[in-house]
Amino acid sequence: MSATPKIEPIGAKVPEPRQNDPDTLARQIVEKLTYSICKHPEQARKYDWLRATTLVVRDRIIDHWFRSTDKIRESKDKRVYYLSMEFLIGRLLRDAINNLQLTGPIREALKRYNVELDMVELLEPDAALGNGGLGRLAACFMESMASTGVPGVGYGIRYVHGFFRQEIAEGAQVELPETWLVHGNPWEFERRDSTYEIGFGGKVVTQQEPGKPPRHVWRPAERVLAVAFDTPIVGWRGEQVNTLRLWSAQAVDPILLDAFNSGDHIGALVESNKAEAITRVLYPADSHQAGQELRLRQEYFFSAASLQDIIRRHLGENASLDNLADKVAIQLNDTHPAVSVAELMRLLVDVHGYEWGKAWEITRATFGYTNHTLLPEALEHWPINLFERLLPRQMQIIYQINADIIREASQTGFDGGQISAISLIDEGNGRRVRMGQLAFVGSHAVNGVSALHTELMKETVFRNLHELYPDRIQNKTNGVTPRRWLMECNPGLTGLLTEAIGPGFLDDIEKLGDADTLAGDAAFRERFAAMKRANKARLADLISDRLAITIDPDAIFDIQVKRIHEYKRQFLNIIEAIALYNQIRAHPEKDWTPRVKIFAGKAAPSYVQAKEIIHLANDVARVVNSDPSVRDLLKIVFIPNYNVSLAEIIMPAADLSEQISTAGLEASGTGNMKFALNGALTIGTLDGANVEMLDHVGEDNIFIFGLTADEVAQRRRETHSGRSIIDRTPLLREALDAISAGVFAPESPARYHSLVSNLYNNDWWMICADFEAYWNTQRNLDGLFLTQNEWQSKAIHNTARMGWFSSDRSIREYARDIWQAGPGKV
Ligand code: C3B
């Protein structure tokens, strides 16, 4: 798009960086209240203080942002572009203040006006532009790229409505729209000069000049504008500030005046509504393909805008696109941006005149692809007719790529079965484009997100492509940023560690290992336990405020928070709770360890079973919590509206972290890492990154149970059913009988019949198969909790040995092995 002409200024310079002492900060906060918000300090409301504080912090960020951008431009270093449909950011103020080392001075500045920084921070709405693990990983990666000095830009969508707000009404999930932008967003800068046209539909015109290859020109029928909004991402100690650029869709013509003037007032707005719909709302399904046309429009819209932006920036600094792959690495976060492969080919061949083979070389060298799930229902594939109608030229390109790949495979000796497995077109299900295959062949590196997941990728979904390109798949185990998930969410633990091992771990999280020997130090264990208890008391207060349920901070806090999904097996956890409830009532004389089971998480609105599981958790909670015969030995809590900010309170307060997915199905997990870093013990299966956590924390410090991935696959082949297990396991049978009899839903006793009958019939998720091992492991943990010395020592080992699971480590590995960029470049 046309850039606005620049003015040649005389003598205008960037101002000196702002001072960071409390006096200056206090003065500037009032200045912002006055001149940016137009409020007399005495009349300022709490949101005004939030805004003023944010603007003062933002000024400091801008100082660093300019410096980083200049440095990257001057260095001519390779840039990394992270394309992701989701960024589950959460709040930014505390993160920015922490990373700029401004916590003390800002706190003091606000105190002068009798305003509490903590109160102000809590007012900020969560930026919830993501569903779960994949989106939160993207947010951790953005922060870690800035913290490790990788020149990274994130590209995504500026959804007007992020992930829905969940309420629980009579036990069931209700979805309400989320409105994070209603008070404006002080973190973003609209960049009208970075606006691009994005086409849809229309036709392809082929021009043939004698002696030359045919030229294809796409003539889209529809055009919308992609407008950039930039958010700064501040790295640790403010040394680097990177950019998250989110695209917003707008109509080329905001109103059709002809229609309006002729009286068609609604019709005059149809186009702008249609355009804006593209970035209106986040699809709320995680690990499940939405399959609607709007979703494909979203995917193409942000991919195409990002590529135009990348190419424009590259051509501003380089003579041609010949060296694109030397200067640019583009990472595809799952297949959502996979259409980028076809789009970059289109831009290179049709727009910039590259010969096909050369264009393919550049494309493949530029892209990397991360796979995040092997679940068949999550693998994206689009009906050919939809794809062709919306993106006719990209469809042609995909056919041509496919022909090349199939030729290569035949020459390698692939048979018909192998060829149909690698084909970009699925001929079986009414002809569909397979986005995973497209991303794979269009990338020089393809990675999984944990060691086990990567091995399973090679054996299952990408078995044949792996055979064709045996060097392409590699592993990059996920990580979490220790700034947000230790320093900011757990100042108690951070302070304790700083006193005990010095502040070195703040800059190099693997130095947490120095705390390992403290597990043997009784005085330290006591302080560690006191820190945990304070965090538990804070969560207990929240639960009491929001749900009017009283829980005892001295009970085991046994927590499962994540998306609700059958494979994550919240149902197994609930059945165990029911069995425990039955046993406590049957044997009141026994020495039970008091336990609070805490759940939180959202279900995709159309995922019936997941919603039933939420309903069941709430129903069971109601019955158990009001039964005087269990005294306070068992409490069950479902906290509504799980989000990043709630996670920041929950993670530090857990004794026990539930990571109990059916083995082979959780690609990695990242909640598992946050809990253990904050000193929770894990009860889990050998799935995802749990396997590597076991290696790091040691088998004495993690509680593994259940079938392995191989055993699950074997049982599924044998069409395993739960019935015989249920018949010979009274604890399980009685729990299921209670559900079926309507004990927890007397008003609607049949409510859970299908959930239960699925267990009898095929037990696809191995809930029956793993029940007994799970129960026994839980009872061992009950015993262990009574020996607090031992428990705390294991908890300390967990914290001390989790440094490797930092997203700084993940990012360094990506930078070294995939991007060849950043400080570790080869
Ligand atoms: C998730 C996976 O389910 C997690 O195991 C994994 O830790 C994260 O991605 C990050 O890699 N995932 C998701 O949140 N959404 C998807 N569509 C696919 C995977």
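Helices (H or I, at least four residues) and strands (E, at least two) are DSSP runs, numbered from the N terminus. This is a predicted model: local features need pLDDT of at least 70, side-chain atom pairs count only at pLDDT 80 or more, and totals for chains, interfaces and linings use all residues. Residues are numbered from 1 along each chain as its sequence is written.

**Exercise 1. Place N678**

Task: find which elements flank N678, decide whether N678 is buried or exposed, and list what N678 touches.

Solution.
- Step 1. N678 sits in the loop between α26 (671-677) and β23 (681-684).
- Step 2. Apply the burial rule. A residue is buried if 20 or more other C-beta atoms lie within 10 Å of its own, exposed if 12 or fewer, and partly exposed in between; C-beta atoms are placed from the backbone.
- Step 3. N678 has 26 other C-beta atoms within 10 Å, so N678 is buried.
- Step 4. Apply the contact rule. Two residues are in contact if their C-beta atoms, placed from the backbone, lie within 7 Å.
- Step 5. Leave out residues up to four places away in sequence. N678 then touches L486, N490, L493, M651, P652 and T799.

**Exercise 2. Repeat for H720**

Task: locate H720, classify H720 by its C-beta neighbours, and list the contacts of H720.

Solution.
- Step 1. H720 lies in the loop between α28 (709-717) and α29 (723-728).
- Step 2. H720 has 19 C-beta neighbours inside 10 Å, so H720 counts as partly exposed.
- Step 3. Set aside neighbours within four places in sequence. R715, D763 and A769 are in contact with H720.
- Step 4. Add a distance. H720 and Y283 are 437 residues apart along the chain, and their C-alpha atoms are separated by 34 Å.

**Exercise 3. Trace the nine-strand sheet**

Task: give the strand order of the open sheet of nine strands, then name its edge strands.

Solution.
- Step 1. Two strands pair if DSSP finds at least two bridges between them.
- Step 2. The order is β7-β10-β11-β4-β1-β12-β13-β17-β18, with mixed pairing.
- Step 3. The edges are β7 (189-200) and β18 (473-475), each pairing on one side only.
- Step 4. From one strand to the next, the twist averages 25 degrees.
- Step 5. Helix α8 (residues 267-277) packs on the sheet and touches β10 (222-234) and β11 (241-251). The direction of α8 makes about 150 degrees with that of β11. Axes are lines fitted to C-alpha atoms, for helices over the stretch in contact, and angles run from 0 to 180 degrees between N-to-C directions.
- Step 6. At the β18 edge, strand β17 (residues 445-448) runs parallel to β18, joined by three bridges. G448 stands opposite N475 there.

**Exercise 4. Examine β11**

Task: work out how β11 pairs with β4 and with β10, and why β11 is described as largely enclosed.

Solution.
- Step 1. Strand β4 (residues 152-157) pairs with β11 in the parallel sense over five bridges. G156 has L246 as its bridge partner in β11.
- Step 2. β10 and β11 run antiparallel, joined by eleven bridges. P232 has T243 as its bridge partner in β11.
- Step 3. Look at the turn. β10 and β11 form a hairpin with six residues between them, and R237 in the turn has a positive phi of about 60 degrees.
- Step 4. Nine of the eleven residues of β11 are buried, so β11 is largely enclosed by the rest of the structure.

**Exercise 5. Check the span of α2**

Task: compare the reach of helix α2 with its expected span.

Solution.
- Step 1. The expected span of a helix is 1.5 Å times one less than its number of residues.
- Step 2. Helix α2 (residues 46-75) has 30 residues, and 44 Å is expected.
- Step 3. From first C-alpha to last, α2 reaches 43 Å, close to that value.
- Step 4. K76 follows α2 and has a positive phi, near 55 degrees.

**Exercise 6. Relate the two domains**

Task: state the bounds of domain 1 and domain 2, then describe their contact.

Solution.
- Step 1. Domain bounds come from an automatic or database domain assignment. The assignment gives domain 1 (76-91 + 126-476) and domain 2 (553-788).
- Step 2. Their C-alpha centres lie 36 Å apart.
- Step 3. In contact are 34 residues of domain 1 and 29 residues of domain 2.
- Step 4. Elements that each supply at least two residues of the domain 1 side include β2 (87-90), α6 (133-148) and α17 (451-459).
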